[in-house]
Amino acid sequence: MKLICDLPSPKSLPDKYVLPPEKRPCDNELRDDLSVALPVIDLRGAMGDGRRQVIGEIMEAGKEFGFFQVVNHGVEEDVIQGFREAAAEFFRMPEEAKLKYYSNEPNNPFRVFSGSVTSHTDTNDIRYWRDCLKLRCYPVDKLMHHWPLEPEIFRERLAKYAVEVQDLARRLLRLIAEGLGLDDQFFEGDLTGGETMMNVNYYPSCPNPSLTLGIRPHSDRYILTILSQGDVSGLQVKHKGRWIGVQPIDNAFVVNFGLQLEMVTNGVLTSVEHRVVTNSAKARMSVATLIRPNMECRIGPAQVMVDGDTNPPKYRDFTGSELIEAYETTAGNREALLEMFRIHHTKLC
Ligand SMILES: O=C(O)CCC(=O)C(=O)O
Ligand SMILES: [Fe+2]
């Protein structure tokens, strides 16, 4: 077993990472198209007079793109950069030190894996150009003992980052709840009460970006994802049938809605597909924090979001565990997953 970051700099892309032609990015999609950009929302005003305006911007961006970037979000630069350094240091450790944590067991609270998120569901054993550190990061006190002691700064830096990002998620979810006309604490409790997950995605520089992807097109599964993408671009979001690149902004977070939120809002907010392209010049590292429900909790369209005759529930109720299982079965494919929970209403003539 080898992580991609430990391959001796390959001159050409190893065969197993070459995607079938219909799954490859087109050449012109590898350069950033600057004609459409994700909205950048300044959260500074959110606690005062500007609250309604910020809520309006979030709702508008959410409905148009399912994604937006936030700045002045209250998470300190030192905390973001501090954890990014620790994570980058983890990937720089000798191969044996990283492989100690290698596992394909999804329930493992701290593991390293490589190549593909859910390769067992893909035909032809398709692989992707990504190494990943997947861990549970919040509540910190309960989970910290699973985190590595090397590099030495890792635990402390992750603890600070996880607490601050969790708080940002809570603040954003209050704004989203208000924007939807729900009680501002609607998402607090079981809907977001599961252990928060983190993907530290590492995409080494790639010998041939046009033949592969870092991550396949997928929608995220839970309520909300908060992503630090660093200063190297690569994330692309589906918008009106095209892939648009997300421009890196210093210390900003990219925020997107997950499938759970789409179903809880009965489809008002959508969980938009995204993917990652690689580049031949630089490695890229992103840190995605995924806010999750309690596994036993019942999830379904919120009462306030449905109305018997004019807007009936589009999805049946399900548990957090069912959601995870469905996501594995459908490999993160938005339509296939939603179909598993969709209610087909028959029209009476
Ligand atoms: O690397 C990125 O920018 C996106 C990562 C991502 O989509 C994920 O971890 O679910
Ligand atoms: Fe994602």
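In this predicted model, Val237 stands opposite Ile244 in strand 9. That single pair is a good place to start. Strand 8 covers residues 235–239, and strand 9 covers residues 242–245. The two strands pair in the antiparallel sense, and four bridges hold the pairing. Another of the facing pairs is Lys238 with Trp243 of strand 9. Strand 8 and strand 9 make a hairpin, with two residues between them. Lys240 sits in that turn and has a positive phi of about 50 degrees.

Now look to the other partner of strand 8. Strand 8 also pairs with strand 11, again antiparallel, this time over three bridges. Here Leu235 stands opposite Val276 of strand 11. Put these pairings together and a sheet appears. It is an open sheet of four strands in the order 6-11-8-9, and its pairing is antiparallel. Strand 6 (215–218) and strand 9 are the edges, and each of them pairs on one side only. How are neighbouring strands of this sheet turned against each other? On average the angle is 25 degrees, with direction ignored.

There is a second sheet to trace. It has eight strands and is also open. Follow the order 1-2-10-7-12-5-4-3 through the model. The pairing in this sheet is mixed. Which strands lie at the edges? They are strand 1 (40–42) and strand 3 (110–114), each paired on one side only. From one strand to the next, the twist averages 25 degrees. For a closer look, take strand 7 (residues 224–228) and strand 10 (residues 253–257). They run antiparallel and are joined by four bridges. Ile226 of this pairing stands opposite Val255 in strand 10.

Helices pack on this eight-stranded sheet. Helix 1 touches strand 1, strand 2 (67–71) and strand 10. The direction of helix 1 makes about 145 degrees with that of strand 2. Helix 5 packs on the sheet too. Helix 5 touches strand 4 (131–138), strand 5, strand 7, strand 10 and strand 12. The direction of helix 5 makes about 130 degrees with that of strand 7.

The two helices also meet each other. Two packed helices are described by the angle between their axes and the distance between the axes. Helix 1 spans residues 51–65, and helix 5 spans residues 154–179. Their axes come within 9 Å and cross at roughly 85 degrees. Helix 1 and helix 5 are therefore roughly perpendicular to each other. Which residues make the contact? From helix 1 come Val54, Ile55, Ile58 and Met59. From helix 5 come Leu175, Ile176, Glu178 and Gly179. By class, this contact has six nonpolar residues, one polar and one charged.

Next, find ligand 1. Among the residues around ligand 1 are Asn199, Asn201, Ile215, Asp220, Leu227 and Gln229. The shell around ligand 1 also includes Leu235, His274, Val276, Ser286 and Ala288. Leu235 and Val276 have come up already, as the residues that stand opposite each other. Three elements give two or more residues to this shell: strand 5 (196–203), strand 11 (274–276) and strand 12 (284–291). Strand 11 belongs to the four-stranded sheet. Strand 5 and strand 12 belong to the eight-stranded one. What classes of residue make up the shell? There are five nonpolar residues, five polar and one charged.

A record adds a label to this part of the chain. UniProt places the feature "domain: Fe2OG dioxygenase" at residues 193–293, in an unreviewed entry. Over residues 193–293 the chain is 6% helix and 42% strand. The C-alpha atoms at the ends of this stretch are 5 Å apart.

Finally, check the loops for some backbone details. A cis peptide bond joins Tyr138 and Pro139, with omega of about 5 degrees. Pro139 lies in the loop between strand 4 and helix 4 (140–143). Another cis peptide bond joins Glu150 and Pro151, where omega is about -10 degrees. Pro151 is in the loop between helix 4 and helix 5. Asn266 is not a glycine, yet it has a positive phi of about 55 degrees. Asn266 lies in the loop between helix 6 (259–264) and strand 11.

Notes
Residues numbered from 1 in each chain as written. Chains lettered and ligands numbered in written order. Predicted model: local features only at pLDDT ≥ 70, side-chain atom pairs only at ≥ 80, totals over all residues. Near = placed C-beta within 6 Å. Nonpolar A, V, L, I, M, F, W, Y, C, P; charged D, E, K, R; others polar. Axes fitted to C-alpha atoms, helices over the stretch in contact; angles between N-to-C directions. Parallel < 35°, antiparallel > 145°, perpendicular 65-115°, else oblique. Contact = placed C-beta atoms within 7 Å. UniProt positions renumbered as here; feature names shortened; annotations may be inferred. Pairing = 2+ DSSP bridges.
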